[in-house]
Amino acid sequence: MEAFYYMVFGVLGTIVAITELSKSNKDRINTSQPFNSFKNNYLVVYSLMMAGDWLQGPYVYYLYTTYGYSKGDIGQLFIAGFGSSMLFGTIVGSLADKQGRKRACVTYCITYILSCITKHSPHYKVLMLGRILGGIATSLLFSAFESWLVAEHNKRNFDQQWLSLTFSKAIFLGNGLVAIISGLFGNMLVDSLSLGPVAPFDAAACFLAIGMAVIMSSWTENYGDPSESKDLLTQFKGAAVAIASDEKIALLGAIQSLFEGSMYTFVFLWTPALSPNDEEIPHGFIFATFMLASMLGSSFASRLMARSSLKVEGYMQIVFVVSAASLTLPILTSFLVAPSEEKGGGISFAGCLQLLGFCTFEACVGIFWPSIMKMRSQYIPEEARSTIMNFFRIPLNIFVCIVLYNVNAFPITVMFGMCSIFLFVASILQRRLAVIADKTKTEDWSPLRERDAEAEPLTEA
């Protein structure tokens, strides 16, 4: 079965290469030199930030086990991380609108570096502190950087369509190529060089420090609403009012929570799904394959967003339906394929089918990230961008904490079924968002049509 892994990886790699190299002028966006310099600077920083994040991921659980902690203890540490992101992260991330997005990005680097340092201690309380710091950093990573980019892009008067190019490239590099390289680099540090499970965290701290130096030396500060009259509570109220009063923002938040909740649940489920009888599977290679599928998705997304005739709100409906269908494969294979009773060995036939479905889901993830970023840039008001984006993460973190706490309480097929339902609901909400967005544009054009109609008789006269 090893040939199967190589075949899937090779096919995906070939498709990614063909997709990138075969782009025509219709698939490319013509930009300016100042924008390219701005975009490349952001991509370097974002890639360094994501390297700092990806290097840690595969070794957090493993490190805790080497310190002798049980599955229950480790579960509490993970819950603490998501809970911290929900509580403290929302507050710290929201301060970016008032105190400055650049400052928030630097805070992310410092917070995550401190979190990496705590991994050197085997003491549970120190590790818990590290998880709390990591939760805060995660909130900043997924709000402050995007908020800074959108504000700076607009401040420099770049074309709005160019923003989608930066988003798709950031996901292609940061969530694809950098993830694969980080996985291989971490594996080299731990296994080939035998530097121990803490080594990837030290390497992550170095990348974060380099990225922080680039931010401090080349980025300018921007704000959402810097007025001193607004305290944090007023910001929260303003963000809540914006979400409640604008159905487009509320729908966007619900769509994001449903998809990301399913995505994070999938992270916990794919290993037991592919090895229900303790089959030996190459976790690192499968992870790299998933990231390659995500790269393929982001490459498709860049093509889709380059065409002005295609609307993000339209094609994302299809993406959510496909992603929902892909996560039903574990349920279908449990009914249609006879389960293997043999313990150990290689991946089963059902596992192979599921792996193909999971790669399809990861491709949808690759399309989702730049597309949701594009929609957020369109619908979320600038003065409260970071605050609202962190509000969106509250239901997500609550959901993940509940899943983590009850991960062993339900059969894996039930969990996948729940994710599929969530994704299907997301497609329905996306349809509603598309209808509202079209209606809004029609209303915006109506006064212009009336003005033109009134002007026509004058022209004829």
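This section describes confidence, core packing, salt bridges and surface features in a predicted model.

The chain has an average pLDDT of 88. At least 70 is reached by 92% of the residues. Confidence varies along the chain. Helix H9, spanning residues 199–218, has the highest mean, at 97. Helix H17, spanning residues 412–460, has the lowest, at 76.

The largest nonpolar core comprises 141 residues. Within this core, the residues with the most contacts are Met49, Tyr108, Phe145, Phe290, Met316, Phe358 and Ile388. Helix H15 (residues 349–379) is the main contributor, giving 14 residues. The surroundings of Phe358 show how distant segments meet. Beyond four places in sequence, Phe358 touches three aromatic residues numbered below 300, namely Phe266, Trp270 and Phe290. Ala273 and Leu274 are also touched by Phe358. Further contacts of Phe358 are made with Leu327, Pro330 and Phe416.

Helices H11 and H17 meet through a pair of buried residues. Thr265 belongs to helix H11 (residues 247–274). Its relative accessibility is 1%, so Thr265 counts as buried. Met415 lies in helix H17. Met415 is likewise buried, because its relative accessibility of 4% falls under the 20% limit. Thr265 is in contact with Met415, and also with Phe399, Val403 and Cys419, when neighbours within four places in sequence are set aside. On the same basis, Met415 touches Thr265, Leu269, Val403 and Phe410. Val403 therefore appears in both contact lists, as a partner of Thr265 and of Met415. A long separation is seen between Met415 and Leu48. These two residues are 367 residues apart in sequence, and their C-alpha atoms are 34 Å apart in space.

The structure contains 10 salt bridges. One of them joins the side chains of Arg101 and Glu382, with an N to O distance of 2.8 Å. This pair connects distant parts of the chain, the two residues being 281 residues apart. Arg101 sits in helix H5 (residues 101–118). Glu382 sits in the loop between H15 and helix H16 (385–405). The two partners differ in burial. Arg101 has 0% relative accessibility and so counts as buried. Glu382 has a relative accessible area of 23% and is therefore partly exposed.

Glu382 has a further partner. A salt bridge links Glu382 to Arg385, the closest N and O atoms being 3.2 Å apart. Arg385 counts as buried, at 2% relative accessibility. Shared partners extend the arrangement: Asp97, Arg101, Glu382 and Arg385 are joined by salt bridges into one network.

A salt bridge within a single helix is also present. Glu152 pairs with Lys155, and their closest N and O atoms are 3.4 Å apart. Both residues lie in helix H7 (residues 144–155). Because they are three residues apart in this helix, Glu152 and Lys155 are separated by about one helical turn. Their exposure is unlike. Glu152 is buried, with a relative accessible area of 2%. Lys155 is partly exposed, at 48% relative accessibility.

At the surface, Met7, Val11, Ile15 and Phe300 form a nonpolar patch of about 340 Å². Helix H1 (residues 2–21) supplies three residues, the largest share of the patch. Ile15 is placed in helix H1. Its relative accessibility of 33% makes Ile15 partly exposed. That value also satisfies the patch criterion, because patch residues need over 30% relative accessible area.

Another partly exposed position is Gln76, in helix H4 (residues 71–99). Gln76 has a relative accessible area of 46%. Apart from neighbours within four places in sequence, Gln76 is in contact with Tyr124 and Met128. Leu149 lies 73 residues from Gln76 along the chain. The C-alpha atoms of Gln76 and Leu149 are separated by 35 Å.

Conventions
Residues numbered from 1 in each chain as written. Predicted model: local features only at pLDDT ≥ 70, side-chain atom pairs only at ≥ 80, totals over all residues. Heavy atoms only, no water. Core = buried A, V, L, I, M, F, W, Y, C linked by side-chain atoms within 4.5 Å. Buried < 20%, exposed > 50% of the residue type's maximum accessible area, 1.4 Å probe, protein only. Helix = DSSP H or I, 4+ residues; strand = E, 2+ residues; numbered from the N terminus. Contact = heavy atoms within 4.5 Å. pLDDT = per-residue confidence, 0-100. Patch = residues over 30% accessible without salt bridge, like charges linked within 9 Å, V, L, I, M, F, W, Y side chains within 5 Å. Areas by Shrake-Rupley, 256 points an atom, 1.4 Å probe, with all protein chains shown as cover. Salt bridge = Lys/Arg side-chain N within 4 Å of Asp/Glu carboxyl O.
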